[in-house]
Amino acid sequence: MRILVTGATGTVGRHVVDQLLTAGAQVRALTRNPETAALPRTVELHQGDLDSPTPEMFDGVDRMYLLALGDPKLSTDLAKQAGVQRIVTLTSAAEDETYQATERAVENSGLEWTHVRPGMFAANLLDWAEDIKTSKVVKEPYANARQTPIHEQDIAAVAATALLFDGHNGQTYTLSGPESLTKKEQAEAIGDAIGIPIGFQELTPDEWRATFGAPDFVADWLLDIWQQATETPEPVLSTVEDVLGRPARTVREWAADHVGDFR
């Protein structure tokens, strides 16, 4: 079985590749730069991207892991013409037309499909790494925003399971981590994992915006998410355990896998 992994060098994609290889699948990795992909030697590297898909990208592929990039209808049409039988998408728990367009294109293709919709990536907490290294204090607004960060390996495991095994056709898997934590509690969990007490200094939105260094629309988007999570905590979902038969990893477990990033 040959499986095409798009976004193969990304946060989740690398783990999808590893888990498929462990299961004995043949993996074709789509990457813009094969020379810098740093994937296992047994992976077949294919240079390209979803912005300009070509028929050759899908030749000999049985199943595909698809990111919400480019023209999803064109990609799914080419995949179907090449004989791809199953597509697993990575979209998001957040409502967004780009993600919805990808899901619609796959559903309308007539192929087997599964949608994987993660909520907040625990990997987003790497944005705190510099503050933790330099001052051991995280500085952000909305300290009481209650979120359910999910380990990227759990996202990948659900996607790989849907790619490899039957019984997931037509399913939409919305994912969360196993615990609802305020930002302050997330910082404490990281501190527990790395063996260093981590504080949390709550900034006003304007104070944070002045130091954020990204476009206003990104800051507005994040502030809106955090405000909503303060008013309405993100729900803890059992989907990871339902699909995998084991609990999702905690933030502390995630941080233990990333100790080097915080020291």
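## Annotated span and domains

The end C-alpha atoms of residues 7-163 are 15 Å apart, and this span is 32% helix and 21% strand, where helices (H or I, at least four residues) and strands (E, at least two) are DSSP runs numbered from the N terminus. The same residues, 7-163, are covered by the annotation "domain: NAD(P)-binding" in an unreviewed UniProt entry; its positions are given in the numbering used here, the feature name is shortened, and such annotations may be inferred rather than shown by experiment.

The model is predicted, so that local features need pLDDT of at least 70 and side-chain atom pairs count only at pLDDT 80 or more, whereas totals for chains, interfaces and linings use all residues. Residues are numbered from 1 along each chain as its sequence is written, and side-chain values use heavy atoms, with hydrogens and water left out.

The protein chain is divided into domain 1 (2-118) and domain 2 (122-149 + 178-234 + 251-261), with bounds that come from an automatic or database domain assignment. Between the C-alpha centres of domain 1 and domain 2 the distance is 30 Å.

## Sites in domain 1 and a pocket

Val-88 is placed in strand 5 (residues 86-90) and is buried, with a relative accessible area of 0%; buried means under 20% relative accessible area, exposed over 50%, and partly exposed in between (1.4 Å probe, protein chains only). Its C-alpha atom is separated by 36 Å from that of Arg-263, which is 175 residues away along the chain. Gly-110, in the loop between helix 3 (97-107) and strand 6 (112-118), is by contrast exposed, with a relative accessible area of 64%. From C-alpha to C-alpha, Gly-110 and Asp-51 are 22 Å apart in space, with their positions 59 residues apart in sequence.

The second largest pocket has a volume of about 160 Å³, and of the 13 residues that line it, Gly-7, Leu-30, Arg-32, Asp-49 and Leu-69 lie nearest its centre. A pocket is here an open set of points on a 1 Å grid over the protein atoms alone, where a 1.4 Å probe fits, with protein on both sides within 12 Å along at least five of seven lines, and lining residues have an atom within 4 Å of a point. Grid points are joined across faces, edges and corners, and the volume is the space filled by probe spheres set on the points.

## Aromatic pairs

The structure holds four aromatic pairs, a pair being rings of Phe, Tyr and Trp (its six-membered ring) with centres within 6.5 Å; planes under 30 degrees apart count as stacked, over 60 as edge-to-face and the rest as tilted. The rings of Trp-128 and Phe-200, with centres 6.1 Å apart and planes at 70 degrees, are therefore edge-to-face. Because Trp-128 lies in the loop between strand 6 and helix 4 (129-134) and Phe-200 in strand 11 (residues 199-202), the pair ties together parts that are 72 residues apart in sequence. Both Trp-128 and Phe-200 are buried.

Trp-254 and Phe-262 also form an edge-to-face pair, their ring centres being 5.8 Å apart and their planes at 75 degrees. Trp-254 is buried at a relative accessible area of 0%, and Phe-262 is buried at 2%. One aromatic cluster is formed by Trp-208, Phe-212 and Trp-226.

## Positive phi values

Most residues other than glycine have a negative phi. Lys-136, although not a glycine, has a positive phi of about 60 degrees; it is placed in the loop between helix 4 and strand 7 (137-140) and counts as partly exposed at 37% relative accessibility. Tyr-142, in the loop between strand 7 and strand 8 (146-147), likewise has a positive phi, near 55 degrees.
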